[in-house]
Amino acid sequence: MKLAMVRSAAGTTFDRPRLARVDDQTVQIYPDDAGTLDDYIRNPAPMALTGPSQPAPLDQVTFDAPVRRVNRDILCTGWNYWDHFEEGYGKRGGQDPQERPAHPTFFTKGPHAIVGPTDPVAVDLELAQAWDYEVEIAVIIGTQGRSIPAERAWEHVFGMCVANDMTARDIQRQHGGQWFKGKSIDATMPIGPWVTTMDALDDPAALELRCLLNGQVLQQARVGQMAFDIPTLIAELSWGMTLYPGDVLLTGTPAGVGYAREPQILLQPGDVLVSEVVGLGRLHNAVQSVPLHEYRR
Ligand code: MG
């Protein structure tokens, strides 16, 4: 199944985004009382998806982010494709590790960075100059677990979708060698367009990611190229630390990010950023100048 949250369909804008199921070129939209996808992930009662639904053509639907009520920060993986680890060598402001890590590198980003799959993403050239893109697969946890063995990891996954771990590199480097601040800027993490549940995915390792800027392919890789595969990420992250339904885990980005290129390619207002995973869908986000540096309350 492909499950989503829909803001509007065929000319009707809903008061609150609605739970929906995407069937090929048709989207079945459930009534408001069916709850949200965040609710369904935590309590996948079959009832929620068997009630009346209204169909709308896929091309007449505006999607919201499929998940918004995350339990805590978004859980993230760094350096999970070795070609990406190598491409940044000597370009990390003195923050390079000595050698390839033996275990996955984890960090988090703030959930307020989330925007929908076709929303603008924010940049502010007064706040930071080095705005960068990172296409990634997002794993949504469906079943609680601690110290989950890798061979049982998929049992704990609700589904997967596409995300972009957009990063203000200069802010990332400025704050003590941790990544939280530069990856938590408001309105910089598109996610969606829907969550594909595990029963609809034959071979997650065969999925292919791509990131395009203004139509130019800048990142392209297969999930099978990950340094640590998804079951290993789940096993290591959950080691002594409970994962809960609704937790979101980004799984790292492949080579081709902007700061490591020569010359660099950094996001500018007016750019169009496309992040896609064949089989999971596509995010299409205009890069928009937003005065994030201005005091606002
Ligand atoms: Mg990343």
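**View A. A187 is partly exposed, with 19 other C-beta atoms within 10 Å.** The model shown here and in the following views is predicted. A187 is located in the loop between α3 (169-174) and β14. Its backbone is notable for a phi near 60 degrees, a positive value in a residue other than glycine. Most residues other than glycine have a negative phi.

**View B. W79 has a positive phi of about 50 degrees, although W79 is not a glycine.** The loop between β6 and α2 (82-87) contains this tryptophan. Because 18 C-beta neighbours lie inside 10 Å, W79 counts as partly exposed; a residue needs 20 or more to be buried.

**View C. Two peptide bonds that precede proline are cis, one from G192 to P193 and one from E262 to P263.** For the bond from G192 to P193, omega is near -10 degrees, and P193 belongs to strand β14. For the bond from E262 to P263, omega is near -5 degrees, and P263 is placed in the loop between β17 and β18. Most peptide bonds are trans.

**View D. Strand β11 (residues 135-141) pairs with β12 in the antiparallel sense.** Seven bridges hold this pairing. Within it, E136 stands opposite A163 of β12, and I141 stands opposite V157 of β12. β11 also runs antiparallel to strand β17 (residues 248-250), to which three bridges join it; there, A138 has L250 as its bridge partner. Seven of the seven residues of β11 are buried, so the strand is largely enclosed by the rest of the structure. V135, I137, V139 and I141 point one way from β11, whereas E136, A138 and I140 point the other way, and all are buried.

**View E. Strand β12 (residues 157-164) is largely enclosed by the rest of the structure, because eight of its eight residues are buried.** In addition to its pairing with β11, β12 is joined by four bridges to strand β14 (residues 189-197), and these two strands run antiparallel. V162 of β12 has G192 of β14 as its bridge partner. G192 also begins the cis peptide bond to P193.

**View F. A138 and I140 touch the most other members of the largest nonpolar core, which has 78 residues.** Domain 1 (2-64) and domain 2 (74-289) both contribute residues to this core, so the core lies between them. With neighbours within four places in sequence left aside, A138 is in contact with M160, C161, V162, A163, I191, V248 and L250. In soluble globular proteins, nonpolar side chains tend to be buried together.

**View G. Domain 1 (2-64) and domain 2 (74-289) are given by the domain assignment of the protein.** Their C-alpha centres lie 26 Å apart. Eleven residues of domain 1 and 15 residues of domain 2 make up the contact. On the side of domain 1 that touches domain 2, the elements that give two or more residues are β1 (2-9), α1 (37-42) and β5 (61-64). α1 gives the most to this side, with four residues. By class, this side of domain 1 has six nonpolar, one polar and four charged residues.

**View H. Helix α4 (residues 230-237) has I230, L233, I234 and A235 buried.** The cover over the buried residues of α4 includes β6 (74-78), β11 and β17.

**View I. Five strands form an open sheet with mixed pairing, in the order β9-β19-β18-β15-β16.** The edge strands, β9 (121-123) and β16 (216-222), each pair on one side only. From one strand to the next, the twist averages 20 degrees. Within the sheet, strand β18 (residues 272-278) and strand β19 (residues 281-289) run antiparallel and are joined by six bridges. V274 stands opposite H284 in β19.

**View J. L280 occupies the loop between β18 and β19.** L280 counts as buried because 25 C-beta neighbours lie inside 10 Å. Residues up to four places away in sequence not counted, L280 touches M160, C161, V162, T196 and L207. L280 and W194 are 86 residues apart along the chain, yet 7.6 Å separates their C-alpha atoms.

Key:
Residues are numbered from 1 along each chain as its sequence is written. This is a predicted model: local features need pLDDT of at least 70, side-chain atom pairs count only at pLDDT 80 or more; totals for chains, interfaces and linings use all residues. Two strands pair if DSSP finds at least two bridges between them. Axes are lines fitted to C-alpha atoms, for helices over the stretch in contact, and angles run from 0 to 180 degrees between N-to-C directions. A residue is buried if 20 or more other C-beta atoms lie within 10 Å of its own, exposed if 12 or fewer, and partly exposed in between; C-beta atoms are placed from the backbone. A nonpolar core is a set of buried Ala, Val, Leu, Ile, Met, Phe, Trp, Tyr and Cys residues joined through C-beta atoms within 7 Å. Domain bounds come from an automatic or database domain assignment. Two residues are in contact if their C-beta atoms, placed from the backbone, lie within 7 Å. Ala, Val, Leu, Ile, Met, Phe, Trp, Tyr, Cys and Pro count as nonpolar, Asp, Glu, Lys and Arg as charged, and the others, Gly among them, as polar.
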